[in-house]
Amino acid sequence: MTGSKWTWVSSVLVITFVNFQAQAQEAFPTGTQIVWSDPPDGHIDVGQAKDAGGRPDGIAIVYVRFDRPVELTVESVVVASTAAPAPQIESLSGGGSEWVVLLDGPLAAGETGAVAFGGGAATLVFASRPGDVNHDGTTDETDVAVLKDAVARDAQDLEAFDFDRNGEVSEDDAKALQEFVQQNTDHHWSGDPTKLEKLTCCCAGTECSQSFGSHCAAGPEVACPCSGGNCS
Ligand SMILES: [Ca+2]
Ligand SMILES: [Ca+2]
């Protein structure tokens, strides 16, 4: 009995060790999910597309926490955008289940972007829609009215109402948005983040492109991230 008991224990140890080895070799385990991120998935950035000095501003750092430790490299993280070119990864830092992706610039005004991890297995989508305070896809007088109401209520929700990106919600935000609407009459933003399904990698000849959508318009779909070699 004792012998068979130890045989059983050692078998369990061997199996456990083998499983550990298998997990250690899998950089992004199947089923890994994002449990928290900043910006959150589907976030709509309504701040104006520049800072107080007139420089491009917006989301350029993505913080993400997974439900388990993963191994990431710059090559395994893909940034895509409805505009070309998409912001590129300036640096990737972190480890275990928590990572930080620093982009070389924010999304252009009105565009939608995504950061895909593990070949698209886990994806974060976010959008820049300057002034679209009520998230209806258009920036117009209605948004100005909503923002004025927020100022009157002293609502200090910076994500929702700090249009001029100065760190507070005030009359200046309503004035700046009013000017923005008057100076720009066509504000129907493209790239509805709620309609973006996933990052898709499609071949055209030997070239591969990465974009949003549920399928490839032409040519075969391949695993993401992709390069020319995926399409040979
Ligand atoms: Ca709106
Ligand atoms: Ca402000």
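# Exercises on a predicted model

Helix 2 (141-152) and helix 4 (residues 171-183) pack at an angle of about 175°, and their axes are 9 Å apart. The model is a predicted one.

## Exercise 1: Two helices

Task: Classify the arrangement of helix 2 and helix 4 as roughly parallel or roughly antiparallel, then find the residues that make the contact.

Solution.

Step 1. Take the angle of about 175°. Angles over 145 degrees count as roughly antiparallel.

Step 2. Helix 2 and helix 4 are therefore roughly antiparallel to each other.

Step 3. Now list the contact. Helix 2 supplies Glu-141, Asp-143, Val-144, Leu-147, Lys-148 and Val-151. Helix 4 supplies Glu-171, Asp-173, Ala-174, Leu-177, Gln-178 and Val-181.

Step 4. Look at Leu-147. Beyond its neighbours within four places in sequence, Leu-147 is in contact with Val-133, Phe-161, Phe-163, Asp-173, Ala-174 and Leu-177.

## Exercise 2: The whole chain

Task: State how many helices and strands the chain has, and what share of its residues count as buried.

Solution.

Step 1. Count the elements. There are four helices and eleven strands.

Step 2. Turn to burial. The chain has 232 residues, and 29% of them count as buried.

Step 3. Check the contacts between residues at least 6 apart in sequence. Of these, 58% join residues at least 24 apart.

## Exercise 3: An antiparallel sheet

Task: Give the strand order of the open sheet with antiparallel pairing, and name its edge strands.

Solution.

Step 1. Read the order across the sheet. Its four strands run 1-3-6-5.

Step 2. Find the edges. They are strand 1 (34-38) and strand 5 (89-95), and each pairs on one side only.

Step 3. Check the twist. On average, neighbouring strands of this sheet are turned by 15° against each other, direction ignored.

Step 4. Start at strand 1. Strand 1 pairs with strand 3 (residues 61-66) over four bridges, in the antiparallel sense. Here Ser-37 has Val-64 of strand 3 as its bridge partner.

Step 5. Go to the other edge. Strand 5 and strand 6 (residues 98-103) run antiparallel and are joined by six bridges. Leu-92 has Val-101 of strand 6 as its bridge partner.

Step 6. Inspect the turn. The hairpin of strand 5 and strand 6 has two residues between the strands, and Gly-96 takes a positive phi near 65° there.

## Exercise 4: A mixed sheet and the core

Task: Describe the open sheet with mixed pairing. Then say where the largest nonpolar core lies.

Solution.

Step 1. Write the order. This sheet has four strands, 2-8-7-4.

Step 2. Mark the edges. Strand 2 (43-45) and strand 4 (77-81) each pair on one side only.

Step 3. Check the twist here too. Neighbouring strands are turned by 20° against each other on average, direction ignored.

Step 4. Follow one pair. Strand 7 (residues 112-117) and strand 8 run antiparallel, joined by six bridges. Ala-114 has Val-125 of strand 8 as its bridge partner.

Step 5. Move to the core. The largest nonpolar core has 36 residues. Among those with the most contacts inside it are Ala-114, Leu-124 and Leu-147.

Step 6. Ask what contributes. Strand 8 gives the largest share, five residues.

Step 7. Place the core. Domain 2 (31-195) and domain 3 (197-232) both give residues to this core, so it lies between them.

## Exercise 5: Backbone exceptions

Task: Find a cis peptide bond and two residues other than glycine with a positive phi.

Solution.

Step 1. Recall the usual case. Most residues other than glycine have a negative phi, and most peptide bonds are trans.

Step 2. Spot the cis bond. It joins Asp-38 and Pro-39, with omega about 5°. Pro-39 lies in the loop between strand 1 and strand 2.

Step 3. Take His-135. Its phi is positive, near 55°. His-135 sits in the loop between strand 8 and helix 2. His-135 is partly exposed, with 17 other C-beta atoms within 10 Å.

Step 4. Take Asp-154. Its phi is positive too, about 60°. Asp-154 sits in the loop between helix 2 and helix 3 (158-161). With 8 other C-beta atoms within 10 Å, Asp-154 is exposed.

## Exercise 6: One loop residue

Task: Locate Thr-138 and name the residues that Thr-138 touches.

Solution.

Step 1. Place Thr-138 in the loop between strand 8 (122-128) and helix 2.

Step 2. Judge exposure. A residue is exposed at 12 or fewer other C-beta atoms within 10 Å and buried at 20 or more. Thr-138 has 15, so Thr-138 is partly exposed.

Step 3. List the contacts. Not counting residues up to four places away in sequence, Thr-138 touches Asp-132, His-187 and His-188.

Step 4. Check one distance. Thr-138 and His-187 are 49 residues apart along the chain, yet their C-alpha atoms are separated by 5.3 Å.

How values were computed
Residues are numbered from 1 along each chain as its sequence is written. Chains are lettered from A and ligands numbered from 1 in the order in which they are written. This is a predicted model: local features need pLDDT of at least 70, side-chain atom pairs count only at pLDDT 80 or more; totals for chains, interfaces and linings use all residues. Two residues are in contact if their C-beta atoms, placed from the backbone, lie within 7 Å. Two strands pair if DSSP finds at least two bridges between them. Axes are lines fitted to C-alpha atoms, for helices over the stretch in contact, and angles run from 0 to 180 degrees between N-to-C directions. A nonpolar core is a set of buried Ala, Val, Leu, Ile, Met, Phe, Trp, Tyr and Cys residues joined through C-beta atoms within 7 Å. Domain bounds come from an automatic or database domain assignment. Angles under 35 degrees count as roughly parallel, over 145 as roughly antiparallel, 65 to 115 as roughly perpendicular and the rest as oblique.
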